[in-house]
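User: I am new to this one, so please walk me through it at an easy pace.

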Amino acid sequence: MHGSNRPAEFDAIRERLQYREILTILDEQGTTNDKLLYRWLIHVGLAVPARKLETMFDRLDDEGLTRSQRIETTRVIEMTREGKEVASGITNLDWVEPPEPPAL
């Protein structure tokens, strides 16, 4: 049976959606912080453990989509121009779910 790959496929889809949601919020807000994004992902049904979320923020920074800085215990995250291009769908990355096309 081919069902053995389904958990891994599901996890990969979920992670792409988590990245999409982070970029969507940053596109709308410009700047936010890790605590608000953590709570928002829980609210929209895309909860991620805090330690994994830190790794995701690191990847976004490393790929140039965001810039982060620590202010005491809070990580402040800012969208870059490259991040805006991915958020809007101008640029596609295989690890970020593309945005939904606008409704007609």
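**Strands, sheet and helices**

Analyst: Let me start with one pair of residues: Thr32 stands opposite Ile77 in S3. This is a predicted model, in which local features need pLDDT of at least 70 and side-chain atom pairs count only at pLDDT 80 or more, while totals for chains, interfaces and linings use all residues. Residues are numbered from 1 along each chain as its sequence is written, and side-chain values use heavy atoms, with hydrogens and water left out.

User: OK, and which strand pairs with S3 over 3 bridges?

Analyst: That is strand S1 (residues 31-33), which runs antiparallel to S3; two strands pair if DSSP finds at least two bridges between them. Helices (H or I, at least four residues) and strands (E, at least two) are DSSP runs, numbered from the N terminus.

User: What about S2, how many bridges does it share with S3?

Analyst: Strand S2 (residues 66-71) and strand S3 (residues 74-79) are joined over 6 bridges, also in the antiparallel sense. Along this pairing, Thr66 stands opposite Met79 in S3, Ser68 stands opposite Ile77, and the bridge partner of Gln69 is Val76.

User: And what links those two strands?

Analyst: S2 and S3 form a hairpin with 2 residues between them, and Glu72 in the turn has a positive phi of about 55 degrees.

User: In what order do the strands lie in the sheet?

Analyst: The order is S1-S3-S2, in an open sheet of 3 strands with antiparallel pairing. S1 and S2 are at the edges with a single partner strand each, so one side of each has no neighbour in the sheet. On average, neighbouring strands here are turned by 25 degrees against each other, direction ignored.

User: Which helix packs on that sheet?

Analyst: H1 does, touching S1, S2 and S3, and its direction makes about 75 degrees with that of S3. Contact means heavy atoms within 4.5 Å, and axes are lines fitted to C-alpha atoms, for helices over the stretch in contact, with angles running from 0 to 180 degrees between N-to-C directions.

User: Switching to helix pairs: how do H1 and H4 pack?

Analyst: Helix H1 (residues 6-29) and helix H4 (residues 81-88) meet at an angle of about 115 degrees, with their axes 9 Å apart. The two are therefore roughly perpendicular to each other; angles under 35 degrees count as roughly parallel, over 145 as roughly antiparallel, 65 to 115 as roughly perpendicular and the rest as oblique. Their crossing is left-handed, a word used if the near helix is turned anticlockwise from the far one by less than a right angle, and right-handed if clockwise.

User: Which residues meet there?

Analyst: Arg20, Leu23 and Asp27 in H1 meet Lys84, Val86 and Ala87 in H4. By class, this contact of H1 with H4 has 3 nonpolar, no polar and 3 charged residues, where Ala, Val, Leu, Ile, Met, Phe, Trp, Tyr, Cys and Pro count as nonpolar, Asp, Glu, Lys and Arg as charged, and the others, Gly among them, as polar.

User: What does H1 do with H2?

Analyst: The axes of H1 and helix H2 (residues 34-43) come within 11 Å and cross at roughly 125 degrees, which makes H1 oblique to H2. The crossing of H1 and H2 is right-handed. Gln18, Glu21, Ile22 and Ile25 in H1 touch Leu37, Trp40 and Leu41 in H2, and the contact holds 5 nonpolar, 1 polar and 1 charged residues.

User: And which residues of H2 meet H3?

Analyst: Asp34, Leu37, Tyr38 and Leu41 in H2 meet Ala50, Leu53, Glu54 and Phe57 in H3, a set that divides into 6 nonpolar, no polar and 2 charged. H2 and helix H3 (residues 50-62) pack at about 115 degrees, with their axes 11 Å apart, and this crossing is right-handed.

User: Last one: how many helices and strands does the protein chain have?

Analyst: It has 4 helices and 3 strands, running α-β-α-α-β-β-α from the N terminus on. The C-alpha trace spans about 50 × 35 × 25 Å along its principal axes.
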